[in-house]
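Visitor: I would like to learn how to read a few features of a protein model. Could we take them one at a time?

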Amino acid sequence: MYLFAYGTLRYGFELHHLLKDSRFVGLGFIEGYKMYDIGNYPGVVRGDGIVWGEVYEIKDELINLLDEVEDYKGRPDDLYIREKTRVYFDQKRRYYIDNVNFYRYNHGIEFRDEIESGDYSRWVGMPVIVNYFAYAENTNPEILKERGVKEILKEIEAYLEDYKIIFNIKCKYGLCANLKEFKGGKVYGYIYVMLEDELNSLDKAEEHLIKYVRDVIKVKDKEGKEYFAQAYISDYKDGEGEPTDFYKNSIIEGLKRKWDKISTGL
């Protein structure tokens, strides 16, 4: 089952340890709700806004513990009510999961301040975590370090279906990598679970909004489990060519750290 964590269960908060062994599926948002500051934690009620949070795949037995923590017992005066909703992972609403559990605040919000952004972590200045899918030179840890990435919280082998790598973006290496739809294709790489600030440090190297944009894609791990991750992609698909040997070898070195039994397709 899935859980949408929007408050003190999120990364960096005091209750996040309850989810430390759960799989982080991605950063997403729900519609039709508003968030309020209840004191030392947020409350979410129905409304005309959106609320941001982290989606985790959790074990069935964990939900009973979370019910206790959130004071949900199925009574009319419970602090929270556990219900299910749809979570979106991208602004275009292409990717979503239905029937995700979350805890809706069940008391009054009179005289409470609204958190208009719907993002509790950003509102209190806590770090935000994201999934980032690296498929080219950023699969190489040395290049990541050169670009200012100091910490990767978790690394997961992952692949993108029905795409292929092309080389058509002019860069200091000659032609840099891009993604193009290709039925039956697979692009191998890594999901890096990382702080959003760390990902922001890559924007300069990737020339975000100039040559590439960060978009959300759906990728799978070796067990076929789905994740929603950001990736650098360009809409420009013309002018395909061959990469330099240096650039190509940088990618191969990164991929073969853990993908040694597959063909990189390069």
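Guide: Start with the disulfide. This is a predicted model. In it, Cys171 and Cys176 form a disulfide, with their sulfur atoms 2.0 Å apart.

Visitor: How many disulfides does the structure hold?

Guide: One.

Visitor: What is the hand of the link between Cys171 and Cys176?

Guide: Read the angle about the S-S bond. For Cys171 and Cys176 it is 85 degrees, and the link is right-handed.

Visitor: Is Cys176 buried or exposed?

Guide: Buried means under 20% relative accessible area, and exposed means over 50%. Cys176 has 6%, so it counts as buried. Its partner differs in class: Cys171, at 24%, counts as partly exposed.

Visitor: Now empty space. How is it found?

Guide: Rolling a probe the size of a water molecule over the atoms shows where empty space is left. Here, a search of the whole structure finds one cavity of 30 Å³ or more. The volume of the largest cavity is about 90 Å³.

Visitor: Which residues line the largest cavity?

Guide: Cys176 is one of them, beside Ala177 in the list. The lining also includes Tyr132, Tyr135, Glu137, Glu206, Tyr212, Tyr232 and Tyr247. By class, eight lining residues are nonpolar, one is polar and two are charged.

Visitor: Take Glu137 from that lining. Where does Glu137 lie?

Guide: Glu137 sits in the loop between E7 and helix H3, residues 141-146. Its relative accessibility is 5%, under the 20% cut-off, so Glu137 counts as buried.

Visitor: What joins the side chains of Glu137 and Tyr247?

Guide: A polar contact of 2.5 Å. Both residues line the largest cavity. Leaving aside residues up to four places away in sequence, Glu137 also touches Ile143, Arg147, Tyr173, Glu206 and Ile251.

Visitor: Next, the largest pocket. What is its volume?

Guide: About 320 Å³ of space lies in the largest pocket. Its lining has 19 residues, and the closest to the centre are Trp52, Phe89, Asp90, Val216 and Gln230. Four strands each give two or more residues to this lining: E2 (23-37), E7 (129-134), E10 (213-221) and E11.

Visitor: How does the pocket lining divide by class?

Guide: Eight residues are nonpolar, four are polar and seven are charged.

Visitor: Let us look at Gln230. Which strand holds Gln230?

Guide: Gln230 belongs to strand E11, residues 226-233. The relative accessible area of Gln230 is 16%, so Gln230 is buried.

Visitor: Which residues does Gln230 touch?

Guide: Set aside residues up to four places away in sequence. Then Gln230 touches Val130, Asn131, Tyr132, Phe133, Leu199, Arg214, Asp215 and Val216. With Arg214, there is a side-chain polar contact of 2.9 Å. For a distance along the chain, take Asp203: it is 27 residues from Gln230, and their C-alpha atoms are separated by 12 Å.

Visitor: What should I look for in the backbone angles?

Guide: Most residues other than glycine have a negative phi. Phe111 has a positive value, near 65 degrees. Phe111 is found in the loop between strand E5 (96-105) and strand E6 (113-114). At 87% relative accessibility, Phe111 counts as exposed.

Visitor: What is the phi of Leu209?

Guide: Near 75 degrees, again positive in a residue other than glycine. Leu209 lies in the loop between helix H5 (203-206) and E10. Leu209 is exposed, with a relative accessible area of 66%.

Visitor: Is Leu3 buried or exposed?

Guide: Buried, because its relative accessible area is 0%. Leu3 lies in strand E1, residues 2-5.

Visitor: How far apart are the C-alpha atoms of Leu3 and Ile58?

Guide: They are separated by 6.8 Å, with the two positions 55 residues apart along the chain as the offset. Ile58 is also one of the residues that Leu3 touches. Others among them are Leu9, Leu19, Glu54, Val55, Leu66, Val100 and Tyr103.

Visitor: One last pair, please. How far apart are Tyr163 and Gly184?

Guide: In sequence, 21 residues; in space, 7.5 Å from C-alpha to C-alpha. Tyr163 lies in strand E8, residues 154-171. The contacts of Tyr163 include Leu179, Phe182, Gly185 and Val187.

Methods:
Residues numbered from 1 in each chain as written. Predicted model: local features only at pLDDT ≥ 70, side-chain atom pairs only at ≥ 80, totals over all residues. Heavy atoms only, no water. Buried < 20%, exposed > 50% of the residue type's maximum accessible area, 1.4 Å probe, protein only. Contact = heavy atoms within 4.5 Å. Polar contact = N/O pair within 3.5 Å; in protein donor to acceptor, adjacent residues only side chain to side chain. Disulfide = S-S within 2.5 Å. 1 Å grid on protein atoms, 1.4 Å probe; cavity = no way out; pocket = protein on both sides within 12 Å on 5 of 7 lines; lining within 4 Å. Points joined across faces, edges and corners; volume = space filled by probe spheres on them. Nonpolar A, V, L, I, M, F, W, Y, C, P; charged D, E, K, R; others polar.
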